[in-house]
Amino acid sequence: MTDHATTDIGRLAAGLADGLIARRRDLHKYPETAWTEFRTASLAARALAAAGYAVRLGGEVVRRESMLGAPPAGELATHMERAAAQGGDPALIGRMAGGLTGVVGERCFGPGPVVALRFDMDANDLDEARDDGHRPHREGFGSVNAGAMHACGHDGHTAIGLGVAEILATLGDRLRGTVRLIFQPGEEGVRGAGPMADAGVLDGVDYLLGGHIGLRAPKTGQVVCGVEGFLATTKFDAVFTGMAAHAGAAPEQGRNALLAAANAALNLHAISRHGQGASRITVGTLHAGQGRNVIPAKAELQAETRGRTTEIDRFVFERAREVVAGAAMMYGVDHEIMVAGRSPSGRSDPGVVAVVRRAAEAMGCFSDIRDGVDMRASEDFALLLGAVQARGGLGAYLLLGSDLAAGHHNPRFDFDEACLVPGVELFARCAMACLNLPPRRG
Ligand SMILES: [Zn+2]
């Protein structure tokens, strides 16, 4: 890498400013939740192909058998139609049937390491604020899709990833090695990384980079060069099935699934803390019963466990299984537990954190550069990072500071678009630096 090339990155990134904001706002207006990112993924694939990348998508990069928590087929078909009606590429959407909404763009610039960058594309299950106090609504790019909102900044991540693709393509003759850009569905609920890893998208990867807007860095100008501790997490659904009966005439003939689920919810929150580190458990939804005078025969809850380490998360989840089984037994109802997502803990490699720090310092635009920050949240990037590390590769997860209108996953969430250009420049500089490191694998 020449000094000339790194100087050019800043100039090229600045030149993308208007396009990045337009792209981000377009994605924001048409948010798509996990496994339904048909429009987003098709537009990403089209942009990657236009920039000269070899594009793989659908079943080539998402292993269907590994998918957790996918919507039913009918719902997916409706989302495919909506994606096409909202400007997605119909031919590319067709190749992602079944919710296989991952995209990978790859370009080889010569001998050298394989450097992968991962960007997530999905929105949250949330209705966006619709009043003039909320800028996306006021400026006409608020969500038009009911029940879906980009409240975690993944619209920004996707825009940044496509900006990086463009810059690296422009600098192509000055690069070596191979760049692989991974556009991942279903980060929310930690569902997308596993099926992409299982499809082989990490094969041969020497260096892996990823990041997030605004998490643990809530001011524009801040950057965290490498996250220390992702929380391991397990998402699960529990279904209780009892017997309906007349609540007045013969309640003794019923078996009450609502009471079983309610008892489970209370006692899941009573699972012991762990002496070796932080743990969490949350029952996020609970639906039960069909009518006022009917003994409730069905109850469903959605819950999640988390742990500072994968072992702590596993401890909490195993206790949770016992609580659900015990509650079911108390009321004589059947139960079933379905795992809907899972991600390990993880940590960035110091060598790659140093690469990010050097790049951030060289840019001169960051006022607060840190590393060693504890993530205190889960991210299925940790699964990808662990898979790369297990095969001798290295990686880091950076946090890109941004002023925020409200916290992540809040209906008033919005980030400062001034972070987009530095985000593109930082990822592009890091990618170039990693392309000049020795391959990690023989
Ligand atoms: Zn996120």
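**Exercise 1.** In this predicted model, determine in which order the strands of the eight-stranded open sheet lie, and which strands stand at its edges.

*Solution.* Step 1: Reading across the sheet, the order is S1-S2-S6-S3-S7-S14-S8-S13, and the pairing is mixed. Step 2: Strand S1 (54–57) and strand S13 (368–370) each have a single partner strand, so one side of each lacks a neighbour in the sheet; these two are the edge strands. Step 3: On average, and with direction ignored, neighbouring strands of this sheet are turned by 15 degrees against each other.

**Exercise 2.** State in which sense, parallel or antiparallel, S3 and S7 pair, and identify the bridge partner of Arg 118.

*Solution.* Step 1: Strands of a sheet can pair in either sense, through backbone hydrogen bonds. Step 2: Strand S3 (residues 114–120) pairs with strand S7 (residues 207–213) in the parallel sense, over four bridges. Step 3: The partner of Arg 118 in S7 is Gly 210.

**Exercise 3.** Find which strands helices H7 and H13 touch, and how each helix is directed relative to S3.

*Solution.* Step 1: Helix H7 (residues 154–170) packs on the sheet and touches S2, S3, S6 and S7; its direction makes about 150 degrees with that of S3. Step 2: Helix H13 (residues 420–435) also packs on the sheet, in contact with S3, S6, S7 and S14, and its direction makes about 155 degrees with that of S3.

**Exercise 4.** Decide whether the radius of gyration agrees or disagrees with that of a compact globule.

*Solution.* Step 1: For 442 residues, a compact globule would have a value near 22 Å. Step 2: The protein has 23 Å, which agrees. Step 3: As further description, buried residues make up 56% of the 442 residues.

Definitions and conventions. Residues are numbered from 1 along each chain as its sequence is written. This is a predicted model: local features need pLDDT of at least 70, side-chain atom pairs count only at pLDDT 80 or more; totals for chains, interfaces and linings use all residues. The radius of gyration is taken over C-alpha atoms; the globule rule is 2.2 Å times the number of residues to the power 0.38. A residue is buried if 20 or more other C-beta atoms lie within 10 Å of its own, exposed if 12 or fewer, and partly exposed in between; C-beta atoms are placed from the backbone. Two strands pair if DSSP finds at least two bridges between them. Axes are lines fitted to C-alpha atoms, for helices over the stretch in contact, and angles run from 0 to 180 degrees between N-to-C directions. Two residues are in contact if their C-beta atoms, placed from the backbone, lie within 7 Å.
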